[in-house]
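I opened this entry to log what I looked up: empty space first, then the surface, then charged pairs.

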Amino acid sequence: MLDTFANAEIARQAWPILLAGLGNTLLLSVVVVPLGLLGGLILSVTATSFHHPLVRYPLMAWVDFFRAFPPLVLLILLFAGLPFAGIQITGFACVCIAFFLNTGAYYGEILRAGIESVPSGQTEAARSTGLGRLQTMLFVVLPQAVRNVLPDLLSNTLEVVKLTSLGSVVAMPELLFQARQAQSLTYNPTPIVLAAAVYFVLLWPLVRLLSRLENRALAARK
Amino acid sequence: MAARPVVEARGIHKHFGAHHVLKGVDLVLAERELAFVIGPSGSGKSTLLRCLNRLEEPSSGSVMVDGVDMLDARTDLNHARQRVGMVFQSFNLYPHMTALGNVTLALRKVAGKSSAEADALGQSALARVGLADRAGHTPGQLSGGQQQRVAIARAIALEPRVMLFDEPTSALDPELVGSVLAVMRDLRQSGMAMVVVSHEMGFARNAADRVLFMDQGLIVEEGTPAQIFESPAQERTRAFIGQIQKH
């Protein structure tokens with residue numbers, strides 16, 4: 001058993017390969033999370049600032065569409081489909097676009113809920129002192145909105161980091177892809193077990209932090 | 001020639017859908033004048049106040065503040081709003097900032113002061129409301145009365161030409177009302193023009209130049225506090241004053 005799933009020799013050989021994958025997973029996360037947040041920010045601020053049907057309905061359709069679209073399908077469609085449209089892009093760029101569309105929609109909904117949780121009196125007070133719409137959003141509403149939905153934002157971020165493993169299907173050499181390479185080279189599942197352990201070590205502090213924030217939010221509500 | 005009024009609102013109408021909230025209201029406020037607006041809830045007092053700085057868009061009418069047409073599309077509204085301070089029933093302090101942060105935000109972002117200038121002006125505004133030693137506290141660490149005084153400091157720091165008070169003491173515990181009224185009285189003595197919507201009849205009696213009674217979207221009657229409280233001409237005014245004085 002131990003020789004099959006936790007073979008020390010194979011782990012030693014696979015480690016450098018996994019490390020390269022970890023580097024790519026981290027790089028992907030560092031690019032994709034801010035990108036998704038940016039998309040979400042644009043969607044949520046637009047949705048809460050303009051109530052005109054011509055803005056609202058297209059935005060709602062956009063968000064609904066990309067939340068309902070399985071990210072794996074979206075990713076494969078982009079990777080397989082774009083070359084037919086004459087657009088050659090790397091797996092990395094593909095993952096970035098897919099995640100921008102998918103997680104942007106999720107972050108957008110979370111931030112919209114946060115913005116709507118800030119009482120309208122805050123905006124009125126800010127506007128009455130002469131702050132413009134954008135200034136009011138930036139300095140008064142958004143800081144409170146983000147604080148109100150911080151656990152949800154963090155939870156979504158956790159999901160995004162986990163979902164970067166989808167990059168493996170478009171030959172993006174992230175942690176899971178590298179682990180599978182190592183597995184097929186060694187005919188042994190130890191690299192996969194090792195990859196799972198690396199994911200756990202990477203994400204567990206975030207999970208702990210999330211729990212603490214959630215408990216604090218619950219306590220504050222009492 | 002009489003001095004130009006600080007506020008000159010004429011023929012203000014406001015509809016909320018089918019609801020006709022203001023039905024042609026005039027309000028002219030002279031320099032250093034304090035106008036006190038009373039009336040039953042739903043009479044349009046707050047809406048009138050909010051039309052003066054265009055937090056509500058009047059359906060028709062004109063609003064001039066310090067000679068600036070507030071409803072003109074060419075008016076820089078954000079600039080004009082610095083001239084109109086507003087204090088709300090629920091304080092509306094920014095909970096994520098300190099008292100000083102609340103006071104200095106618009107000084108920095110709208111009036112374009114440097115951080116050092118804004119801090120100095122903010123400190124002196126806080127000192128004027130008796131809270132110089134609370135500059136570093138967040139709203140959550142302050143009592144309701146202190147919060148409302150910070151809100152007043154936030155407005156007066158911009159050196160407005162007129163201050164609008166929308167039921168400033170209605171959300172306060174009775175023992176905290178006095179401190180807020182004291183600040184308002186002090187402001188009045190300094191010559192600030194003020195429009196106050198409130199139920200503090202004692203304050204109206206000894207601080208107001210003029211009392212306006214509103215009902216159903218119209219100013220029914222206006223006069224000196226003595227006229228309105230002692231010998232109102234209109235039946236509706238008499239009924240309202242009678243009801244209030246029973247409490």
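My notes on cavities, pockets, a surface patch and salt bridges follow.

**Setting**

I am working from a predicted model. I kept that in mind for each entry below.

**Cavities**

I started with enclosed space. Rolling a probe the size of a water molecule over the atoms shows where empty space is left. How many cavities of 30 Å³ or more does the structure hold? I found 2.

I took the largest cavity and read a volume of about 50 Å³. Its lining draws on chains A and B. From chain A I noted Ser128(A) and Thr129(A). From chain B I noted Arg81(B), Gln82(B), Val84(B), Gly85(B), Met86(B), Arg154(B), Ala155(B) and Leu158(B). Next I asked which elements of chain B each supply at least two residues of this lining. They are β6 (84-87) and α5 (144-156). Strand β6(B) gives the most, with 3 residues. I sorted the lining by class and got 4 nonpolar, 4 polar and 2 charged residues.

Then I turned to the second largest cavity, with about 30 Å³ of space. Its lining is Pro71(A), Leu74(A), Leu75(A), Ala98(A), Phe99(A), Asn102(A) and Leu166(A). Helices α4 (71-81) and α5 (91-116) of chain A each supply at least two of these residues. By class I logged 6 nonpolar, 1 polar and no charged residues.

**Pockets**

Open space came next. I read about 680 Å³ for the largest pocket. Its lining counts 24 residues. Which of them lie nearest the centre? I wrote down Thr48(A), Ser49(A), Thr123(A), Arg127(A) and Arg133(A). The elements giving two or more residues to this lining are α2 (8-49), α5, α6 (120-128) and α7 (133-148) of chain A, together with α2 (77-81) of chain B. Helix α7(A) gives the most, with 5 residues. The class split is 9 nonpolar, 6 polar and 9 charged residues.

I moved to the second largest pocket, which holds about 310 Å³ of space. It is lined by 12 residues. Nearest its centre are Arg147(A), Pro151(A), Leu213(A), Arg216(A) and Ala217(A). Two or more residues each come from α7, α8 (150-163) and α10 (190-221) of chain A. The largest share, 7 residues, comes from α10(A). By class I counted 6 nonpolar, 1 polar and 5 charged residues.

**A nonpolar patch**

I checked the surface as well. Phe200(A), Val201(A), Trp204(A) and Val207(A) form a nonpolar patch there. Together they have about 420 Å² of accessible area. I picked out Val201(A), which is found in helix α10 of chain A. Is Val201(A) buried or exposed? It counts as exposed because its relative accessibility is 61%, and the cut-off for that class is over 50%.

**Salt bridges**

Last, the charged pairs. Side chains of opposite charge can pair when their charged atoms come close. I tallied 19 salt bridges over all chains. I looked at three of them in chain B.

First pair: Arg10(B) with Glu8(B), closest N and O atoms 3.2 Å apart. Arg10(B) is partly exposed at 39% relative accessible area. Glu8(B) is also partly exposed, at 25%.

Next pair: Arg161(B) and Glu31(B), 2.8 Å from N to O. The two partners are 130 residues apart and link distant parts of the chain. Arg161(B) is in the loop between α5 and β7 (162-166) of chain B. Glu31(B) is in the loop between β2 (19-29) and β3 (34-38) of chain B. I read a relative accessible area of 26% for Arg161(B), so partly exposed. Glu31(B) is partly exposed too, at 39%.

Last pair: Arg210(B) with Glu33(B), the closest N and O atoms being 2.8 Å apart. Why does this pair tie together parts that are 177 residues apart in sequence? Because Arg210(B) lies in strand β9 (residues 210-215) of chain B, while Glu33(B) lies in the loop between β2 and β3 of chain B. Are the partners buried or exposed? Arg210(B) is buried, and so is Glu33(B).

I closed with a network. Salt bridges that share partners join Arg4(B), Glu31(B), Asp66(B) and Arg161(B) into one network.

Key: Residues numbered from 1 in each chain as written. Chains lettered and ligands numbered in written order. Predicted model: local features only at pLDDT ≥ 70, side-chain atom pairs only at ≥ 80, totals over all residues. Heavy atoms only, no water. 1 Å grid on protein atoms, 1.4 Å probe; cavity = no way out; pocket = protein on both sides within 12 Å on 5 of 7 lines; lining within 4 Å. Points joined across faces, edges and corners; volume = space filled by probe spheres on them. Helix = DSSP H or I, 4+ residues; strand = E, 2+ residues; numbered from the N terminus. Nonpolar A, V, L, I, M, F, W, Y, C, P; charged D, E, K, R; others polar. Patch = residues over 30% accessible without salt bridge, like charges linked within 9 Å, V, L, I, M, F, W, Y side chains within 5 Å. Areas by Shrake-Rupley, 256 points an atom, 1.4 Å probe, with all protein chains shown as cover. Salt bridge = Lys/Arg side-chain N within 4 Å of Asp/Glu carboxyl O. Buried < 20%, exposed > 50% of the residue type's maximum accessible area, 1.4 Å probe, protein only.
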